[in-house]
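Please open the structure in a viewer and keep the selection tool at hand. The tour below proceeds stop by stop, stating what to select and what is found there.

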Protein chains: 2
Amino acid sequence: MYKILVVEDNLYIQNLVMEFLESQHYHVEVANDGEECLKKYQNNNFDLIILDIMLPKMDGFQICQMIRKKSSIPIILLTALGDEFDQLRGFELGIDDYITKPFSFNILVNRVKAVLRRTYQEDTKKMVFEDLNIDVDAHKIYIDNVEIELTTKEFELIILLVKNQDKVVTRRDILQQLWEYDYHGDTRVIDTHIKNIRKKIDRPYIKTVKGVGYILEK
Amino acid sequence: MYKILVVEDNLYIQNLVMEFLESQHYHVEVANDGEECLKKYQNNNFDLIILDIMLPKMDGFQICQMIRKKSSIPIILLTALGDEFDQLRGFELGIDDYITKPFSFNILVNRVKAVLRRTYQEDTKKMVFEDLNIDVDAHKIYIDNVEIELTTKEFELIILLVKNQDKVVTRRDILQQLWEYDYHGDTRVIDTHIKNIRKKIDRPYIKTVKGVGYILEK
DNA sequence: CTTAATTTTAAGAGAATGTTGAAGACACAG
DNA sequence: CTGTGTCTTCAACATTCTCTTAAAATTAAG
């Protein structure tokens, strides 16, 4: 499920946007100003930020600049009709899209979907790798059509591997995708889950790439 | 596709409501005042009217009265928190439901669905999952042709599960569909109803997908 | 072959989540 | 107004999942 951070000081709009997005099954968090935004941003890993330009303390551009120093997470800017908004400046700052207020539900959702699709390829409902079949909706996985019971974390992890079946998924990637934030210290959670999955699934083989991560092999 | 007429002079709300409803695949037309409303009403055939009380020229009650002289089309009234709204008077006039502003997306959509269902019996008449048969109209369910008594909530819940028989129904989905809550706090209502259903029905099995929701299994 | 780095593994503590019965709140019919 | 059934809340309990730890195994490099 995609995690979106909405930064907006107007509580009414904040709430509306949140409801919109949640009804479409996004996970949403909100921040009221730049400070809160950066704080939340650092402690979570979001897939998208929706950022109002006019904010107390720090404006959207500034926030954007600070975030861009560290990451290329997609950002959609909210601009009011009166705001002087230089489109060029926006895109120079690495804005992925912008929406002019007042905006409509459809526009918002479409833009969000588009940006997410562009950035990550949006989830398909079924996934396949060799004899492994995943029915994402039903939360079920099959090997040779035999159902295998996995826990949520295991399920998410195998999905991540299948999604990236042609490349090594680094430990860092895994931590970022499945957990809130980087455990800088070392932790063996991933290994443990990998072990548990291997116990349940022997094929496709989860190959270890030492010092890097994991990748699926036939 | 259902056609809905939204009568509201505040352009912002008008637009919002329109967007909400269109996102749910209703066909929507808008009118800004009573006159326009009556005119549009006569020239189209709508399935539902959503009517603001406070309108220029003619208020919602008056409009309602005029429409009721000719037709029994369902009407949902929009009232603001401050408005003195006499519920009784409303229902005497043949109001089908009313919503107090500010309202949320879910409330609006749920009310609309409910009214339409009540009026036009939107649901399919029969549903099946394995040995489970549901006669939606008669509000009865059968297992191996033996009738099982369920309460309303239990009935709605099992319908939801059968309707989505191939996918996990999340707690969030359930809350949104059967209640008008937004999923923020934590409540155990769902679990309790599931428990009660399980007591009455053992097959099909309601499987728990921990951390996600429920799904039917044979 | 030895050493250092890294991963695997099992076991169990700790956290999260779900289940249940009981009781209170509520709604409706009589 | 009262009684009956239904819905919701609560809290104790049960279960499952996740994460930590530490020792063992594996790998890469000198």
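**Stop 1: an exposed loop residue of chain A**

Select A:K210, which counts as exposed because 5 C-beta neighbours lie inside 10 Å. The model is a predicted one. A:K210 is located in the loop that runs between β11 (205-209) and β12 (213-217) of chain A. Add A:T170 to the selection: in sequence A:K210 and A:T170 are 40 residues apart, while in space their C-alpha atoms are 10.0 Å apart.

**Stop 2: chain A as a whole**

Widen the selection to the whole of chain A. Colouring by secondary structure should show eight helices and 12 strands. The chain has 218 residues, of which 24% count as buried. Among contacts in chain A with a separation of 6 or more, 56% are accounted for by residues 24 or more positions apart.

**Stop 3: two positive phi values in chain A**

Most residues other than glycine have a negative phi. Two residues of chain A may be inspected against that background.

Select A:H139 first. A:H139 sits in the loop between β7 (132-135) and β8 (140-143) of chain A. Its phi is near 60°, a positive value in a residue other than glycine. Is A:H139 buried or exposed? A:H139 is buried, because 20 other C-beta atoms lie within 10 Å.

Proceed to A:D144, in the loop between β8 and β9 (146-148) of chain A. Here phi is near 50°, again a positive value in a residue other than glycine. A:D144 is exposed, since 9 other C-beta atoms are within 10 Å.

**Stop 4: where chain A touches chain B**

Display both chains and select the residues in contact between them. Chain A contributes 11 residues to this contact and chain B contributes 17 residues. On the side of chain A that touches chain B, the elements giving two or more residues are α1 (11-23) and α5 (105-119) of chain A. Which element gives the most to that side? It is α1(A), with three residues. Coloured by class, the side of chain A that touches chain B has four nonpolar, five polar and two charged residues.

**Stop 5: helices α1 and α5 of chain B**

Turn to chain B and select helix α1 (residues 11-23) together with helix α5 (residues 105-120). The two helices pack at an angle of about 60°, and their axes are 10 Å apart. An angle of this kind falls outside the ranges for roughly parallel, roughly perpendicular and roughly antiparallel, and α1(B) and α5(B) are therefore oblique to each other. Their crossing is right-handed.

Show the side chains at the contact: B:V17, B:F20 and B:L21 of α1(B) meet B:F105, B:L108, B:V109 and B:V112 of α5(B). The residues of this contact comprise seven nonpolar, no polar and no charged.

While helix α1 of chain B is on display, select B:N15, which lies in that helix. B:N15 is partly exposed, because 17 other C-beta atoms lie within 10 Å. Then add B:V30: B:N15 and B:V30 are 15 residues apart in sequence, and their C-alpha atoms are 8.7 Å apart in space.

**Stop 6: helices α6 and α8 of chain B**

Select helix α6 (residues 152-163) of chain B and α8(B), which pack at an angle of about 90° with their axes 10 Å apart. That angle makes α6(B) roughly perpendicular to α8(B). The contact involves B:K153, B:E154, B:L157 and B:I158 from α6(B), and B:H193, B:N196 and B:I197 from α8(B). By class, the residues of the contact of α6(B) with α8(B) are three nonpolar, two polar and two charged.

**Stop 7: the surroundings of the DNA**

Select DNA strand D and the 19 residues that surround it; the closest are A:T151, A:K153, B:T151, B:T152 and B:K153. The elements that give two or more residues to this surface are α6 (152-163) and α8 of chain A, together with α6 and α8 of chain B. The surface near DNA strand D has three nonpolar, eight polar and eight charged residues.

Finally, select DNA strand C. Of the 18 residues around DNA strand C, which come nearest? They are A:D191, A:K195, A:T208, B:D191 and B:T208. At least two residues of the surface near DNA strand C are supplied by each of α8 (189-200) of chain A and α8 (189-200) of chain B. By class, this surface has two nonpolar, six polar and 10 charged residues.

Methods. Residues numbered from 1 in each chain as written. Chains lettered and ligands numbered in written order. Predicted model: local features only at pLDDT ≥ 70, side-chain atom pairs only at ≥ 80, totals over all residues. Axes fitted to C-alpha atoms, helices over the stretch in contact; angles between N-to-C directions. Helix = DSSP H or I, 4+ residues; strand = E, 2+ residues; numbered from the N terminus. Parallel < 35°, antiparallel > 145°, perpendicular 65-115°, else oblique. Left-handed = near helix turned anticlockwise from the far one by under 90°. Contact = placed C-beta atoms within 7 Å. Nonpolar A, V, L, I, M, F, W, Y, C, P; charged D, E, K, R; others polar. Near = placed C-beta within 6 Å. Buried ≥ 20, exposed ≤ 12 C-beta atoms within 10 Å, placed from the backbone.
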